[in-house]
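Biologist: I'd like a close look at the largest pocket, please. Which element gives the largest share of its lining?

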Amino acid sequence: MESVHGTGLTSEQSQLLGVVRGVRNRYRLKRALFGAALTVGITTRNRPDSLRACLESMRLIAPLDPEILVFDDGSAPAASGVTGSPALPVRFIRAESAPGYIVGRNRLVAEAQGAFVLLLDDDTRLLSLESVESAIRVMRSDARAAAVAFAQAEGDGRPWPEQMQ
């Protein structure tokens, strides 16, 4: 493909760049041009404090510029008022009828724009950027890999007992 006026961008990318010219954040610009590498999908129901803590832990993976989706499984009140890290926008998907977390996870995967999807419950906290980066490296490097499981730990980082892993 030829680049437009020596910019390194295709004509289509150049047009898209014109549309998003007002975007100042380089990570958001990268996502607009090339898509998110990672989508984080979180299911929640009636646990706003857990969801808030989960969303706040997303700051650890902010350098990856993830797309963050939350499936609200009929919470009362709606979970859309819960906020986390202000640097990371969150898109809420609400089900009024509470169809369950499995339906929610299926919906999150269907809506995901990222090449990789990390599914979490609202009581999950991310403990490190490195573990998520490592999982993405595994998925990119081995075409046979379809899923990666993470070791479970307490909020303070202490691992769960071996038999619970």
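Modeller: That's strand 4, with six residues in the lining of the largest pocket. Bear in mind that this is a predicted model: local features need pLDDT of at least 70, side-chain atom pairs count only at 80 or more, and totals for chains, interfaces and linings use all residues. Numbering starts from 1 along each chain as its sequence is written, and side-chain values use heavy atoms, with hydrogens and water left out.

The pocket (an open set of points on a 1 Å grid where a 1.4 Å probe fits, with protein on both sides within 12 Å along at least five of seven lines) has a volume of about 920 Å³ (the space filled by probe spheres set on the points). Its lining (residues with an atom within 4 Å of a point) comes to 33 residues, with Leu118, Leu120, Thr124, Phe150 and Gln152 nearest the centre. Two or more residues each come from strand 4 (116-121) and helix 5 (129-141); both are DSSP runs, E of at least two residues for strands, H or I of at least four for helices. By class, you get 22 nonpolar, six polar (Gly counts here) and five charged (Asp, Glu, Lys, Arg) lining residues.

Now follow strand 4 to helix 3 (48-57), where Ser50, Leu51, Cys54, Leu55 and Ser57 are buried (under 20% relative accessible area, 1.4 Å probe). Down the axis of helix 3, those residues fall within an arc of 155° (directions from axis to C-beta atoms), so they line one face. They pack against strand 4, along with strand 1 (38-44), strand 2 (67-73) and strand 3 (90-95), contact meaning heavy atoms within 4.5 Å.

Key. Buried means under 20% relative accessible area, exposed over 50%, partly exposed in between (1.4 Å probe, protein chains only).
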